[in-house]
Amino acid sequence: MSHTAEWKVRLHLYEDDEGTTKAHLVLDTGTNAITARGFARCHPSDTNVPEIGDELAAGRAMIDLAHQLLETAERDIQGTVEPRLSPRQTA
(Lines give C-alpha, C1' and ligand atoms only; values in the text may rest on other atoms or scores of the structure.)
Protein backbone atom coordinates (compact mmCIF):
# COMPACT_ATOMS: atom_id res chain seq x y z
CA MET A 1 0.00 0.00 0.00
CA SER A 2 1.37 3.40 -0.93
CA HIS A 3 1.65 6.18 1.60
CA THR A 4 1.29 9.90 1.00
CA ALA A 5 1.50 12.76 3.46
CA GLU A 6 1.61 16.52 3.41
CA TRP A 7 3.62 18.35 6.03
CA LYS A 8 3.46 22.10 6.37
CA VAL A 9 6.39 24.34 7.21
CA ARG A 10 6.09 27.89 8.52
CA LEU A 11 9.23 30.00 8.57
CA HIS A 12 9.32 33.39 10.27
CA LEU A 13 12.35 35.66 9.85
CA TYR A 14 12.94 38.78 11.91
CA GLU A 15 15.75 40.98 13.11
CA ASP A 16 16.11 41.81 16.79
CA ASP A 17 17.24 45.12 18.31
CA GLU A 18 20.89 44.03 18.27
CA GLY A 19 20.90 43.30 14.53
CA THR A 20 20.67 39.51 14.76
CA THR A 21 18.51 37.87 12.11
CA LYS A 22 16.48 35.07 13.66
CA ALA A 23 14.53 32.26 12.03
CA HIS A 24 11.71 30.41 13.75
CA LEU A 25 10.58 27.34 11.82
CA VAL A 26 7.62 25.09 12.64
CA LEU A 27 7.03 21.77 10.89
CA ASP A 28 3.43 20.60 11.27
CA THR A 29 2.96 16.94 10.38
CA GLY A 30 -0.72 16.95 11.26
CA THR A 31 -0.05 14.84 14.36
CA ASN A 32 3.07 16.54 15.67
CA ALA A 33 4.80 19.92 15.51
CA ILE A 34 8.55 20.39 15.60
CA THR A 35 10.09 23.81 16.23
CA ALA A 36 13.56 24.73 15.00
CA ARG A 37 15.61 27.90 15.20
CA GLY A 38 18.52 29.54 13.44
CA PHE A 39 20.27 32.89 13.58
CA ALA A 40 22.82 35.03 11.76
CA ARG A 41 24.83 38.10 12.70
CA CYS A 42 26.54 40.51 10.36
CA HIS A 43 30.19 41.08 11.16
CA PRO A 44 30.81 44.82 11.69
CA SER A 45 33.31 44.94 8.80
CA ASP A 46 30.92 43.21 6.34
CA THR A 47 28.43 44.96 4.11
CA ASN A 48 24.95 44.60 5.57
CA VAL A 49 22.91 42.55 3.08
CA PRO A 50 19.67 41.49 4.79
CA GLU A 51 18.98 38.71 2.28
CA ILE A 52 22.21 36.96 3.26
CA GLY A 53 21.23 37.08 6.94
CA ASP A 54 17.82 35.66 6.04
CA GLU A 55 19.43 32.84 4.03
CA LEU A 56 21.86 31.97 6.79
CA ALA A 57 19.27 32.05 9.57
CA ALA A 58 16.74 30.05 7.53
CA GLY A 59 19.37 27.51 6.47
CA ARG A 60 20.53 27.05 10.05
CA ALA A 61 16.92 26.57 11.21
CA MET A 62 16.48 23.92 8.50
CA ILE A 63 19.65 22.15 9.64
CA ASP A 64 18.28 22.20 13.20
CA LEU A 65 15.01 20.73 11.91
CA ALA A 66 16.85 18.04 9.93
CA HIS A 67 18.82 16.98 13.03
CA GLN A 68 15.63 16.81 15.09
CA LEU A 69 13.86 14.71 12.44
CA LEU A 70 16.79 12.29 12.21
CA GLU A 71 16.95 11.95 16.00
CA THR A 72 13.20 11.34 16.15
CA ALA A 73 13.43 8.70 13.42
CA GLU A 74 16.30 7.00 15.24
CA ARG A 75 14.28 6.84 18.47
CA ASP A 76 11.27 5.53 16.56
CA ILE A 77 13.41 2.85 14.91
CA GLN A 78 14.81 1.79 18.28
CA GLY A 79 11.26 1.50 19.60
CA THR A 80 10.10 -0.76 16.77
CA VAL A 81 13.10 -3.04 16.30
CA GLU A 82 13.20 -6.15 18.46
CA PRO A 83 16.51 -6.58 20.23
CA ARG A 84 18.64 -9.29 18.66
CA LEU A 85 20.25 -11.85 20.91
CA SER A 86 23.89 -12.63 20.45
CA PRO A 87 24.85 -16.29 19.91
CA ARG A 88 25.98 -16.54 23.55
CA GLN A 89 22.57 -15.35 24.79
CA THR A 90 20.68 -17.94 22.74
CA ALA A 91 22.74 -20.88 23.96
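This note goes through a hairpin, a salt bridge and a pocket in a predicted model.

1. Basis. Residues are numbered from 1 along each chain as its sequence is written, and side-chain values use heavy atoms, without hydrogens or water. In this predicted model, local features need pLDDT of at least 70 and side-chain atom pairs count only at pLDDT 80 or more, while totals for chains, interfaces and linings use all residues.

2. Hairpin. Strands β2 and β3 (strands being DSSP runs of E, at least two residues, numbered from the N terminus) pair in the antiparallel sense over 9 bridges; pairing requires at least two DSSP bridges between the strands. Val26 stands opposite Thr35 in β3. Between the strands lie 4 residues, and Gly30 in this hairpin has a positive phi near 95°.

3. Faces of β3. Side chains alternate along β3: Ile34, Ala36, Gly38 and Ala40 point to one face and are buried (under 20% relative accessible area, with a 1.4 Å probe and protein chains only; exposed is over 50%, partly exposed in between). Ala33, Thr35, Arg37, Phe39 and Arg41 point to the other face and are not buried.

4. Salt bridge. The structure holds 1 salt bridge, defined as a side-chain nitrogen of Lys or Arg within 4 Å of a carboxyl oxygen of Asp or Glu. Lys22 forms it with Asp16, the closest N and O atoms being 3.5 Å apart. Lys22 counts as partly exposed because its relative accessibility is 30%.

5. Pocket lining. The largest pocket (on a 1 Å grid over the protein atoms alone, an open set of points with protein on both sides within 12 Å along at least five of seven lines; lining residues have an atom within 4 Å of a point) is lined by 17 residues. Arg41, Cys42, His43, Asn48 and Gly53 lie nearest its centre.

Conventions: 1 Å grid on protein atoms, 1.4 Å probe; cavity = no way out; pocket = protein on both sides within 12 Å on 5 of 7 lines; lining within 4 Å.
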